[in-house]
Amino acid sequence: MLKIQYLGHSCFMIDTGTHRLLLDPFISGNPLAEAIDVKALMPHYILVSHGHADHIADCVDIAHQSNAKVICNFEVGEWLRKHGITQIHSGNYGGKLLYDFGFVKIVNAVHSSIMPDETYGGNPVGFLINIAGKNIYYAGDTGLTMDMKLIPMWGKPDVALLPIGNTFTMDVDDAIIASNFIECNQIIGMHYDTFPPIKINHEEAKQKFTDAGKKLNLLWVGESMEL
Ligand code: NI
Ligand code: MN
């Protein structure tokens, strides 16, 4: 079993039944995610793509309550250490971190990063997650980049979690090009609707992917998809 649950914005819980990985926790500050009980989240790992508050806001609390290990870049890791988190596995571009569930490869994301207290956050990243025999590409916040062509060389994604909200990341049209680059037809959209500048037209977005021979899944907050 491999389940991907959407927790709003760019936050997901990947659950194999044995391992739970939480991605970019931003729940308590997201009015669209009111139905999610932050205190009930007990991941084994938390992956953080960069220091912006809409990706890290609930990380410290959830890491404390779950004793999860946080996977992130070096600078985000040092910031978390200063906030009392001890279970940290930090890396940087090129790093392929090995776990009993598979691996997490740290990949490029073209964006910016600063911690919530405005200290330096290093470079933003994405992740290629190999878990339970499947590859999941989590793009983080990023614009379209030719580097995405490297992703299938490291592992062809079975599903890709791509930002589609425009303004701060790729829009739908660029996300379709990205899905060609990564050689993946099964997409889950993220980083849309949370704030006015990233509101999208759902039907139009899904139709554009369908016209390109791909599937865009827009999950409601709390909804899960099984792979
Ligand atoms: Ni960001
Ligand atoms: Mn963001």
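**A visit to the nickel site**

Visitor: Is the site of the nickel ion (ligand 1) regular or irregular?
Guide: Look at the angles among its four donor atoms, which run from 86 to 178°. Donors are N, O and S atoms within 2.8 Å of the metal (3.2 Å for Na, K and Ca), with water left out, so sites may look incomplete. Four donors count as tetrahedral if all angles lie between 85 and 135 degrees, or square planar if opposite donors are over 155 degrees apart and all others between 65 and 115. This site counts as irregular.

Visitor: What am I looking at?
Guide: It's a predicted model, where local features need pLDDT of at least 70 and side-chain atom pairs 80 or more, and side-chain values use heavy atoms. Residues count from 1 along each chain, while chains are lettered from A and ligands numbered from 1, as written.

Visitor: Which residue coordinates both the nickel ion (ligand 1) and the manganese ion (ligand 2)?
Guide: His50 (NE2), His52 (ND1), His111 (NE2) and Asp141 (OD) hold the nickel ion at 2.2 to 2.3 Å. The manganese ion sits 3.1 Å from the nickel ion. The residue that coordinates both is Asp141.

Visitor: How many residues apart in sequence are the parts that His52 and His111 tie together?
Guide: His52 lies in the loop between strand E4 (45–47) and helix H1 (53–56); helices (at least four residues) and strands (at least two) are DSSP runs. His111 lies in the loop between strands E8 (102–108) and E9 (125–131), so the pair ties together parts separated by 59 residues.

Visitor: Is His52 buried or exposed?
Guide: Buried means under 20% relative accessible area, exposed over 50%, partly exposed in between (1.4 Å probe, protein chains only). His111, at 25%, counts as partly exposed. With 17% relative accessibility, His52 counts as buried.

Methods. Tetrahedral: all angles 85-135°; square planar, octahedral: opposite > 155°, others 65-115°.
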